[in-house]
Amino acid sequence: MKKVEIFEPALCCPTGLCGPTVDQNLVRLTAIQRSVNHSGKAMIVRRNLAQNPNAFVRNKQVAELLKTDDMACLPITLVDGVVKKTGAYPTNEELIGYTGVATEQVKTQ
Amino acid sequence: MTLYNPLTANLTHYLFFTGKGGVGKTTMATATAVQLADAGKRVMIVSTDPASNLQDVFETKLSNQPQSVPGVSGLDAANFDPIVAANEYRESVVAPYRGVLPEAAIQNMSEQLSGSCTVEIASFNEFAKFLTDPTIDQKYDVIIFDTAPTGHALRMLQLPSAWSNYLDQNQEGASCLGQLAGLGEQKATYQKAVDTLNDANLTTLLLVSRPQWASLVETERAAEELAQIGMTNQQLIMNGVLEHPTDEPSQVIFDQQQADLRNMPTSLQSLPSAEVPLRAYNVTGIANIRKVLQTQQPSVTAESSPQTQFPSIDKIVDDLIKQNKKIVFTMGKGGVGKTTVAIQLAKKLAAHHKKVHLATTDPADHLSLFKIDDPAITVSHIDEKQVLKHYQDEVLAKAKQTMSADDVDYIAEDLRSPCTQEIAVFRAFADVVAQNDSDIVVIDTAPTGHTLLLLNSTENYAEEVKRTTGEVPQNVLDLLPRLQDPKQTEIITVTLPETTPVYESLRLNADLDRAKMPHKWWLVNQSLLATQTTDPVLQARASSELKWINQVKAVSNSYYAVEKWQPNFEQVNLTF
């Protein structure tokens with residue numbers, strides 16, 4: 001099973017709604033994540049700097065990227081431990097590619 | 001209405017006192033605790049109010065562990081500051097990563113853990129501990145809290161998806177709940193706490209109100225919100241009812257109180273209720289706490305009040321003119337009279353030939369009700385409910401396109417968080433300021449430092465990564481730097497000459513400092529001392545104001561003014 005990990009900057013809440021503005025990306029990601037995880041065929045895990053900072057230190061690649069590129073490298077997407085994308089969230093197409101799951105929600109986007 | 005008597009009031013095992021700062025929650029809670037203990041019950045009182053004055057009231061040092069109160073056998077007390085707990089929590093999360101993660105990452109984490117949600121959840125965590133501890137349950141007959149959980153915190157905990165998403169998996173996104181780590185282990189505790197709160201046989205909610213229109217409206221709102229989520233066993237305590245007026249100021253207060261009580265919101269009228277008269281002494285120290293709920297009161301004699309002269313609001317106006325300020329906010333918690341002060345400032349600035357734009361968030365949403373006919377003043381109204389609803393609708397409409405009903409519910413609760421409300425109102429400010437149709441804009445509420453920092457960090461972040469989505473509106477971007485510029489902006493702290501309001505104001509100031517927002521002036525509103533009353537009860541109240549006025553004078557480096565008490569001060573500029 002493919003495992004996608006997304007390392008995000010600190011958010012008050014993952015939908016970004018408590019933040020200063022609605023980030024459509026975060027709402028989209030929350031929906032896809034749920035749908036992929038419920039399919040049972042792949043797993044998307046999100047790690048938020050405010051709630052799980054240890055993950056950012058534990059993962060050597062992430063820690064290294066943070067050291068060299070600072071916050072600009074976030075969000076970072078890893079697929080089975082390999083860095084696939086930095087500085088922006090993956091698109092729906094990219095997520096289909098990473099997970100091999102084309103869920104209804106992902107398709108209708 | 002009858003005198004409040006805890007022994008006959010049909011109270012339960014757990015008691016929660018709720019009400020806005022300054023209504024006398026802590027006084028009512030401690031008087032209840034002492035009277036029950038004196039009647040032979042084993043009682044514990046817990047304060048989770050960040051502005052708690054439990055230590056002053058009992059004249060003893062307290063900690064977050066229950067300890068006996070000297071002079072009252074059978075009574076234990078504990079004091080817990082959720083702000084300190086939230087800070088400790090934040091520090092415990094951030095500290096291990098200092099020097100490990102880059103400084104920008106540390107700042108980002110730190111700010112996200114500085115909002116009101118963190119404090120709300122920290123409070124609830126403490127309620128839950130006391131509500132579910134079997135030792136406490138068995139050791140005491142009555143357990144009293146001098147605050148109640150917020151509706152937001154309770155609703156969060158009652159959302160099924162909050163539990164399943166966050167607590168079980170802890171990896172799909174969660175909401176403000178995620179503010180406290182290790183929540184999964186506490187699922188059972190939280191569930192039991194919520195069940196206990198909703199059990200009318202176990203829990204009574206005591207709504208404390210002043211006999212005053214604005215306070216009653218606020219109480220009604222709290223009563224309805226908490227009833228909706230299950231805290232239905234409610235009683236009303238009307239605190240500070242003036243009984244025998246003896247001079248003009250006291251007669252005016254008496255008439256106003258009686259009129260407001262007659263027009264009490266209907267939903268409050270149906271609750272069991274009792275009153276506590278305004279007392280001629282400060283309720284601190286065990287002796288006075290014992291006295292406050294007694295029928296027999298010591299006789300009072302009029303004493304000559306100290307002749308006091310305080311600087312007036314004109315001093316503030318002159319300075320605003322001299323400094324040529326462009327944006328003026330009046331800041332303070334609900335009930336301190338921010339709107340009245342803003343209106344007064346607008347009128348006085350207009351009298352100095354300034355073109356003024358007055359923006360008000362006062363819930364009286366009919367602009368025509370403001371007695372402002374000066375053509376130099378433009379008035380606009382920011383309806384907090386409406387701007388929030390607009391923002392919520394916008395988000396929900398987008399969310400519904402991609403999410404299941406369960407998820408949408410979940411988002412809907414995020415949208416009720418205090419942070420969201422602040423952001424929505426901030427956007428409305430920005431639009432008013434952007435109209436640029438006046439010399440000076442006066443707004444009767446101020447953004448918090450937290451909101452500004454959130455917006456600022458987003459702005460910086462957007463610059464760094466050229467993020468395209470979730471963009472901040474241009475008006476907001478334009479306003480941010482102006483708010484930190486002391487040449488343009490002044491935030492006036494409005495407070496009352498009482499313990500809780502002054503503490504709350506100091507906290508608001510600290511938050512502004514964090515965001516480097518300029519605030520110089522303080523205004524002490526509703527001072528009885530300034531009315532020169534000769535009524536003995538009012539005089540006793542008035543002389544206790546001096547301590548707080550002096551404290552404001554000290555913290556403001558004498559950039560302060562005092563306004564005297566006015567009847568119906570929230571409505572003074574309204575006509576009906």
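This is a short chat about a strand and the nonpolar cores in chain B of a predicted model.

Me: Let's start with β6(B). Is it mostly covered or mostly bare, and how many of its residues are buried?
Reply: Mostly covered. β6(B) spans residues 203-209, and 7 of its 7 residues are buried.

Me: Which residues point which way?
Reply: T203(B), L205(B), L207(B) and S209(B) point one way. T204(B), L206(B) and V208(B) point the other way.

Me: Why the back and forth?
Reply: In a regular strand, side chains alternate between the two faces of the sheet.

Me: Which strands are joined to β6(B)?
Reply: β1(B), residues 14-18, runs parallel to it with 5 bridges. β7(B), residues 234-241, is also parallel to β6(B), with 5 bridges.

Me: What are the partners of F16(B) and L206(B)?
Reply: F16(B) has L205(B) as its bridge partner. L206(B) stands opposite Q235(B) in β7(B).

Me: And which helix goes with β6(B) and β7(B)?
Reply: α10(B), residues 213-228. The three make a right-handed β-α-β unit.

Me: New topic. How many residues has the largest nonpolar core?
Reply: It has 37 residues. Those with the most contacts inside it include F329(B), F426(B), L452(B) and I491(B).

Me: Which element gives the most to this core?
Reply: α18(B), with 9 residues. Others giving two or more include β9(B), α16(B) and α21(B).

Me: What does I491(B) touch, sequence neighbours aside?
Reply: Its contacts include F329(B), M331(B), A446(B), L512(B) and W521(B).

Me: How many residues are in the other core?
Reply: That one lies apart and has 35 residues, among them A29(B), L36(B), L62(B) and I144(B).

Conventions. Residues numbered from 1 in each chain as written. Chains lettered and ligands numbered in written order. Predicted model: local features only at pLDDT ≥ 70, side-chain atom pairs only at ≥ 80, totals over all residues. Heavy atoms only, no water. Core = buried A, V, L, I, M, F, W, Y, C linked by side-chain atoms within 4.5 Å. Buried < 20%, exposed > 50% of the residue type's maximum accessible area, 1.4 Å probe, protein only. Helix = DSSP H or I, 4+ residues; strand = E, 2+ residues; numbered from the N terminus. Contact = heavy atoms within 4.5 Å. Pairing = 2+ DSSP bridges. Right-handed = clockwise from strand over helix to strand, strands pointing away. Lists of a residue's contacts leave out its neighbours within four places in sequence.
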